[in-house]
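This briefing introduces one protein model to a reader who has not met it before. The sequence and structure come first, followed by the main points by topic.

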Amino acid sequence: LKMIKKSAPRRFYRQSVQRCLRSLDNSDTYDTDDSCTGCESKRMLKYLLDRFFSLSGTALGIALTRAFSILLFVVSARAFAPDENGRFIQAVAIPQVVAQIAALGWLPLIVKEVSGRPEEATARFKGFLVLATWIPLSCITLCALAAVIYGIFCGNTLFYALVGAFTVAYSGAIILKEYMLALRHPALGTLICEGLPFAFATAMIWIGHPSTVEEAIGFLVLGAAASILIVFPIVWRHMSKYLRAPETDYDVRHWMRSSLFSFLGSGGRSLIDRLDVIVLSAFALTAQLALYNSSLRVANLLILPAIVLLPVFSPHLSTAAQDNDRAALRRDMLLQTLIISASSLPFAGVLIAFPDTIVGFVFGDQYRNVGNIMTFMIMAQVIFAFSLPWSNLALMRGRVRLYGLTNLLAFALGMTVASLLLPRIGVVGVAVGSLVANTLAAVVFFGAEFSRLAGREAG
């Protein structure tokens with residue numbers, strides 16, 4: 001009781017976890033027989049506790065961010081007509097796509113290189129930090145300027161100027177989020193950099209009742225700017241000593257080559273995720289975009305468990321892959337599959353049984369007729385959820401070529417199917433295209449990685 005009174009809850013929780021894991025480590029030293037049942041049980045308990053405590057904080061941050069994202073579109077769906085809400089969804093989705101694609105594959109490199117940063121400041125690492133910040137920001141700023149110029153020519157300057165401003169601010173927050181992940185603050189980085197802009201905009205739309213979509217986009221810009229102001233000092237405190245190095249080594253050729261396949265993979269995946277925005281915007285079907293996007297926001301909950309698993313299991317998979325420890329890889333992949341099965345499949349069954357009721361309850365009666373869309377959408381999201389650990393395993397093994405080319409091929413096939421079916425069966429064709437793309441990617445990643453895990457232990 002005295003310890004609880006003297007310690008803050010978070011500190012007490014962290015110390016309790018550390019004592020629990022340390023006691024398990026120390027207990028192993030008393031068991032000289034590695035094959036004994038007690039020793040194996042303690043190892044398994046330590047393994048499960050470590051994964052549980054790592055998952056808990058990350059799950060909370062991602063869950064809150066997803067909740068803010070859904071609440072934003074719930075509020076906007078009730079504040080604007082479907083056509084105007086479609087424009088608002090475009091304003092939110094376009095910067096999300098640009099932040100991933102225009103970063104040119106540097107975001108995964110930030111996590112990889114900053115996680116393994118040297119103890120002392122080096123010219124090479126300083127050069128990486130400069131390139132990893134300014135190359136993505138420069139490309140993103142050019143995309144934002146292109147949006148403004150397009151707005152001037154099409155007579156909608158204010159809307160596209162605000163979209164450009166949100167693109168720059170949101171992308172800057174996403175870059176800082178990657179630094180936070182590398183600095184072992186995944187929950188805090190995700191919650192502030194991704195969740196805060198949506199939470200702020202949701203609150204302001206709910207309280208302020210904006211009369212135009214442009215006002216709502218302005219709230220997003222302010223929220224993203226606040227995220228940068230909060231996170232930047234944290235990142236600067238850790239990175240400043242490296243940026244003060246007297247010399248700088250810009251190994252541009254090496255870093256650009258490393259980012260190429262990363263860009264192909266992450267860009268292709270982002271395009272698959274935004275297939276609705278790409279296809280429906282090309283055909284100027286904003287009302288259908290609002291209907292599809294509202295359904296997708298609910299169906300995206302199916303992949304939430306898989307997304308939570310990624311930042312927790314990635315370093316473990318990377319270490320096991322380097323050590324060629326197939327037993328550890330099998331154990332991690334099996335645990336991820338069990339978690340996804342236990343969490344995603346029951347909710348998928350509920351969505352299939354009551355699609356109109358759930359979407360209508362969340363977004364309003366005008367979004368109830370989604371039954372046909374949801375059937376294909378749920379299938380696509382379930383397949384994506386189960387394939388996500390396998391695509392991540394391919395990345396951790398260093399198979400970036402497979403990752404990049406597979407996602408690009410899947411997007412091309414899904415885009416073709418969606419474009420061909422849209423004029424014939426309407427917005428359902430986009431859901432079918434997404435299902436085809438996710439199925440192809442899942443088959444390739446599972447087939448490529450499972451064959452290696454199924455082999456016998458080396459040596």
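A residue counts as buried when its relative accessible area is under 20%, as exposed when that area is over 50%, and as partly exposed in between. By that rule F88, at 0% relative accessibility, is buried. The model is predicted. Its secondary structure consists of 18 helices and zero strands.

**Overall make-up**

- The protein has 459 residues, and 47% of them are buried.
- The accessible surface amounts to about 21,600 Å², and carbon and sulfur atoms account for 66% of it.
- Among contacts with a separation of 6 or more, 79% join residues that are 24 or more positions apart.

**Confidence**

- The mean pLDDT of the protein is 79, and 81% of the residues reach 70 or more.
- Helix α9 has the highest mean pLDDT among the elements, at 92, while helix α1 (residues 2–6) has the lowest, at 41.
- Residues 1–10 stay under 50 in pLDDT, and the model gives this stretch five contacts beyond four places in sequence.
- Residues 27–35 are also below 50 in pLDDT, and here the model has 11 contacts beyond near neighbours in sequence.
- Where pLDDT is low, the predicted coordinates should not be read in detail.

**Two helices and their spans**

- Helix α4 covers residues 82–101, which is 20 residues. From first C-alpha to last, α4 reaches 28 Å, close to the 28 Å expected at 1.5 Å a residue.
- Of the 20 residues in α4, 14 are buried, so this helix is mostly covered.
- Helix α6 covers residues 123–154, which is 32 residues. Its first and last C-alpha atoms are 47 Å apart, close to the expected 46 Å.
- G155 comes just after α6 and takes a positive phi of about 80°.

**Aromatic rings**

- The structure holds 14 aromatic pairs.
- F80 and F88 form a tilted pair, with 6.3 Å from centre to centre and 40° between the planes. F80 is buried, with a relative accessible area of 8%, and F88 is buried at 0%.
- F232 and W236 form a stacked pair, with 6.2 Å from centre to centre and 20° between the planes.
- F232 and W236 are four residues apart in helix α9 (residues 213–243), so about one helical turn separates them. An α-helix has 3.6 residues a turn, so residues three or four places apart point the same way.
- Both members of the stacked pair are partly exposed: F232 has a relative accessible area of 43%, and W236 has one of 39%.
- One aromatic cluster is formed by W106, F125, F128 and Y242.
- A ring also lies beneath a charge: the charged end of R87 sits over the ring of F159, 4.6 Å from the ring centre.

**Two serines**

- S391 is placed in helix α16 (residues 371–396). With a relative accessible area of 9%, S391 is buried.
- Leaving out residues up to four places away in sequence, S391 touches Y403 and F445.
- S341 is found in helix α14 (residues 326–353). S341 is partly exposed, with a relative accessible area of 23%.
- Leaving out residues up to four places away in sequence, S341 touches P346 and F386.
- S341 and A306 are 35 residues apart along the chain, and their C-alpha atoms are separated by 9.9 Å.

**A loop residue with positive phi**

- H209 lies in the loop between α8 (186–208) and α9.
- H209 has a positive phi of about 50°, although it is not a glycine. Most residues other than glycine have a negative phi.
- At 62% relative accessibility, H209 counts as exposed, because the cut-off for exposed is over 50%.

Note on methods:
Residues are numbered from 1 along each chain as its sequence is written. This is a predicted model: local features need pLDDT of at least 70, side-chain atom pairs count only at pLDDT 80 or more; totals for chains, interfaces and linings use all residues. Side-chain values use heavy atoms; hydrogens and water are left out. Buried means under 20% relative accessible area, exposed over 50%, partly exposed in between (1.4 Å probe, protein chains only). Contact means heavy atoms within 4.5 Å. Rings of Phe, Tyr and Trp (its six-membered ring) pair if their centres lie within 6.5 Å; planes under 30 degrees apart count as stacked, over 60 as edge-to-face and the rest as tilted. A charge sits over a ring if NZ of Lys or CZ of Arg is within 6 Å of the ring centre and within 35 degrees of the ring normal. The expected span of a helix is 1.5 Å times one less than its number of residues. Accessible areas come from the Shrake-Rupley method with a 1.4 Å probe; for residues, only the protein chains shown count as cover. pLDDT is the predictor's confidence in each residue, from 0 to 100.
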